[in-house]
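Grab a pencil and work through these exercises with the model open beside you. Try each task before you read its solution.

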Amino acid sequence: MTYRPRRPSLFARLPYWLLAILLLFVVGLWAITTNETYAGIFRMLSAGVVTTLWVTMVAFFAATILGLLVALARTSNVRVLREIATFYVEILRGIPILVFLFYIAFVAAPAMVAGFNWVMAPFIGWGWIEPATVRGFDFVWRAIFALTVCYSAFIAEIFRAGIEAVGRGQIEAARSLGLSRWHCFRHIIFPQALRTILPPLGNDFVSMVKDSALVSALGVQDITQLGKLSASSSFLFFETYNVVAFLYLTMTISLSLLVRWLERVMDQRVGR
C-alpha cells in the first residue's frame with residue numbers, strides 16, 4: 001500500500017498574518033467611510049499619495065538604471081572602474097538617507113546651479129538663456145535626485161550579486177562562440193540574473209515607498225508632510241496619523257504581496 005502524506009487542512013494553511021492585516025484594512029476603511037473626521041483627513045491626505053508615488057517611481061526608475069551601470073563597473077575587468085564603483089557604493093551606503101537628502105538639497109543643489117551658470121556664462125551674457133537660480137531648483141526634484149543616488153548604491157549590489165551568480169563557464173562558452181561582451185550580457189547573463197534580481201529589487205521598491213516619507217523634511221507635499229500640516233492645524237494627531245499609517249500600509253503591503261506572487265511565479269517557471 002502506497003503511503004501518501006496527508007495534505008494540511010485549509011484551516012492549517014490559512015495565513016493568519018494576512019487575515020489580521022485584512023482585518024486592519026477593513027477597520028480603517030470602515031472608519032474613513034463612516035466617520036466624517038477620518039473622511040476629511042483622508043480627503044486632505046489623498047493628494048499626497050500622488051506625490052509619494054510620483055517621487056518613488058521616478059527615483060526608483062533612475063536609481064535602477066544608475067545602479068545597473070555601477071554594477072557593470074563593479075564587475076568590469078578594468079580595475080579603475082571597479083575601484084571607483086566600489087568607492088561610490090561604500091560611501092553612499094554609509095551615509096543615512098536623511099543626511100544625504102539635506103546635503104543634496106542645501107549643498108549640492110546650490111553648487112549645481114552655480115556650475116550650470118558658469119558653463120552657460122557665454123549664453124547668459126548674450127541673453128540667450130536666463131541664469132539659473134537655487135530657488136528655481138524645485139525641492140521635489142532635489143528629493144528625487146537624492147533618493148536616486150542613495151538607492152542606486154543598494155541596487156548596484158543587487159545587480160552585482162545577480163550577475164556574479166551566473167556561472168563563469170557559461171560566459172566563457174559564449175565568448176568562445178564569438179559573442180561580443182554586449183551580446184553575452186544581453187542573451188546569457190542578464191536573463192539568468194533577472195531571476196535573482198527581481199525579488200530583492202521589488203523589496204527595495206517597497207522600501208523606497210516608505211523612505212520617500214523623508215522628503216517631507218524638505219517641505220515636499222507628500223503624505224507625511226500633509227499629515228503634519230493637518231495634525232498641527234486641527235490637533236487631531238491620533239486620527240491624522242492613523243490615516244497616514246493606513247495609506248502607507250495599503251501601498252507597501254499591496255506591493256509586498258505582489259513581490260511574493262512574482263517570486264512564486266518565477267520559482268514555478270524555474271522548476272519546470
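**Exercise 1. Check whether the end-to-end distance of helix H10 agrees with its expected span.**

Start with the rule: the expected span is 1.5 Å times one less than the number of residues. H10 has 12 residues, so it should span 16 Å. Now look at the end C-alpha atoms of H10: they are 16 Å apart, which agrees. Helices here are DSSP runs of H or I with at least four residues, strands are E runs of at least two, and both are numbered from the N terminus.

Before going on, know what you're looking at. This is a predicted model, where local features need pLDDT of at least 70, side-chain atom pairs count only at pLDDT 80 or more, and totals for chains, interfaces and linings use all residues. Residues are numbered from 1 along each chain as its sequence is written, and side-chain values use heavy atoms, leaving out hydrogens and water.

**Exercise 2. Which residues of H10 are buried, and what comes just after the helix?**

Buried means under 20% relative accessible area, exposed means over 50%, and partly exposed is in between (1.4 Å probe, protein chains only). By that rule, the buried residues in H10 include Ile-223, Leu-226, Gly-227, Ser-230 and Ala-231. A handy reminder: an α-helix has 3.6 residues a turn, so residues three or four places apart point the same way. Just past H10, Phe-235 takes a positive phi of about 65°.

**Exercise 3. Find the residues that touch the most other members of the largest nonpolar core.**

First, the term: a nonpolar core is a set of buried Ala, Val, Leu, Ile, Met, Phe, Trp, Tyr and Cys residues joined through side-chain atoms within 4.5 Å. The largest one has 51 residues, and Leu-45, Phe-100, Ile-223 and Leu-247 touch the most other members. Next, see who contributes: H2, H3, H5, H7, H9, H10 and H11 each supply at least two residues of this core. H7 gives the most, with 12 residues.

Then zoom in on Leu-247. Leaving aside residues up to four places away in sequence, Leu-247 touches Phe-42, Leu-45, Val-49 and Ile-223 (contact means heavy atoms within 4.5 Å). There's also a second, separate core of five residues, among them Ala-73, Ala-85, Val-89 and Ala-156.

**Exercise 4. Classify the ring pair Phe-25 and Phe-246.**

Rings of Phe, Tyr and Trp (its six-membered ring) pair if their centres lie within 6.5 Å; planes under 30 degrees apart are stacked, over 60 edge-to-face, and the rest tilted. This rule gives 10 aromatic pairs. For Phe-25 and Phe-246, the centres are 5.5 Å apart with 15° between the planes, and the pair is stacked. Phe-25 is in H2 and Phe-246 in H11, so the pair ties together parts that are 221 residues apart in sequence. As for exposure, Phe-25 is partly exposed at 34%, while Phe-246 is buried at 13%.

Compare Phe-123 and Trp-126: with centres 5.7 Å apart and planes at 80°, that pair is edge-to-face. Phe-123 is partly exposed at 33%, and Trp-126 is exposed at 57%.

**Exercise 5. Where is the model's confidence lowest and where is it highest?**

pLDDT is the predictor's confidence in each residue, from 0 to 100. The protein averages 83, and 85% of the residues score at least 70. The lowest confidence is in H1, with a mean of 56, and the highest is in H4, at 92.
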